[in-house]
Amino acid sequence: MTFKITPWEVTGKVDYDKLIKEFGLQPLQNLPKQFNNCSLFRRKIVFAHRDFKRISEAIENKKPFAMMTGLMPSGKFHFGHKMVADQIIFYQSLGAKIYLAVADLEAYNSRNPDMKELRKTAIKEYLTNYLALGLKLKNCEFYFQSHRSKDGVKSNAYYSLANMLARHATFNEFKAIYGEITPGKMSSGLLQAADMLHAQLPEFEGKSLPVVVPVGVDQDPHLRLARDISQRIKVFKFIQLSSTYHRFIPGLKSGKMSSSDPTSYIALTDNPEETAKKIRKYAFSGGQPTLEEHRKKGGNPEIDVSFQMLKYGLEPDDKKLEQIKEEYESGKMLSGELKEILIEKMNQFLKEHNKQKIKANKVVEKLESSGEI
Ligand code: TRP
């Protein structure tokens, strides 16, 4: 089975162990004890890193650090996006300064040239859901690549950095890191490097500091580029970037969770009836074809999307999750029963989330009308 993974395309079944070796990542282990509070780390959904020790030390020594990540606004906010949001909010709870980039320029150059629509999606889908999930605006810089800051001094520093980095990369390096390369991809890679590095400029945090970039493993090429050139540019003293990598949450039908196919995901705006219908109809099952066979051989939770959704966060209790796993594997629990557990958990979550979204909408409306975003 072959798979392909680049920042703009993921196909095939991803072999994470192989990726660790190929990309030269480190498995994530020996984390500070606080990380036990986050199921994504406990369950090794965030599974690998580069230079994470610097972040562990900052946390243990109560030293300042930042967390930076970005999003390409595309369609509905679904559980794949929630997984990133959960990490951001967790880092904020640990005291990290949060930098969040809306990659509208990257999206313009790689998939959707409608800047107005990108902006609307970023605000109505992403920002609103982040806030509803618990992101605080304090200690958080949410910005658009196309509008870094109303403060000209800050904006100048960010766009200058993106351009100056170009001097320190070669065309061959771009080809080696990205494979097929276009001017748009080149520009996106450099701008993303500026996203990841600019917190350390005098105009932003005012000093070099550790920055962790949590991303899907497809984004590692951007990190390799940014890490390499950050150490060559001598006008700034950048502390080397840290990064963590999470697994991709499986789509409903197994395969990819993709904003462009509504039957591949549950959106955080889906209503209870729609959700139940989608899960019953589409959720890929790891069960056996007949009842008799299922009782005898049991189900396979590794490929069962309902089980995986519970594991990716909808069942936060490890003991309960383990019990479901055992019952399913032994054949005692049927695929349909597992789906009903997921539906129940999902609807509980969506009910609460919708309440929070009403509040978040108000906050976002205020930000918009005051011109803050
Ligand atoms: N390229 C990222 C994506 O496709 C978005 C992004 C832009 C980003 N800037 C970033 C991610 C900085 C991490 C850090 O989703």
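Setting aside neighbours within four places in sequence, Leu314 is in contact (heavy atoms within 4.5 Å) with Phe79, Met309, Leu342, Lys345, Met346 and Phe349. This is a predicted model, so local features need pLDDT of at least 70 and side-chain atom pairs count only at pLDDT 80 or more, while totals for chains, interfaces and linings use all residues. Residues are numbered from 1 along each chain as its sequence is written, and side-chain values use heavy atoms, with hydrogens and water left out.

Back to Leu314, which sits in helix 13, residues 305–314; helices (H or I, at least four residues) and strands (E, at least two) are DSSP runs, numbered from the N terminus. Leu314 counts as buried because its relative accessibility is 9%, where buried means under 20% relative accessible area, exposed over 50%, and partly exposed in between (1.4 Å probe, protein chains only). One of its partners, Phe79, is 235 residues away in sequence, yet the C-alpha to C-alpha separation is 9.9 Å.

Thr121 is another buried residue, with a relative accessible area of 15%. Its place is in helix 6, which covers residues 115–133. Not counting residues up to four places away in sequence, Thr121 touches Pro73, Ser74, Gly75 and Tyr126.

Now for the backbone. Two residues other than glycine turn up with positive phi: Asp51, near 50°, and Lys62, at about 55°. Asp51 belongs to the loop that runs between strand 4 (46–50) and helix 3 (53–60), and Lys62 to the loop between helix 3 and strand 5 (66–71). As for cover, Asp51 is partly exposed at 30% relative accessible area, whereas Lys62 counts as exposed at 76%.

Finally, the surface charge. Glu302, Glu322, Glu326 and Glu329 gather there in a patch of negative charge. Such patches take residues with over 30% relative accessible area and no salt bridge, joining like charges within 9 Å and nonpolar side chains (Val, Leu, Ile, Met, Phe, Trp, Tyr) within 5 Å. A salt bridge here is a side-chain nitrogen of Lys or Arg within 4 Å of a carboxyl oxygen of Asp or Glu. Asp and Glu count as negative and Lys and Arg as positive, with His and the chain ends not counted. Among the patch members, Glu322 is found in helix 14, residues 318–330, and is partly exposed, with a relative accessible area of 38%.

How values were computed: Accessible areas come from the Shrake-Rupley method with a 1.4 Å probe; for residues, only the protein chains shown count as cover. The place of a charge is taken as NZ of Lys, CZ of Arg, CG of Asp or CD of Glu.
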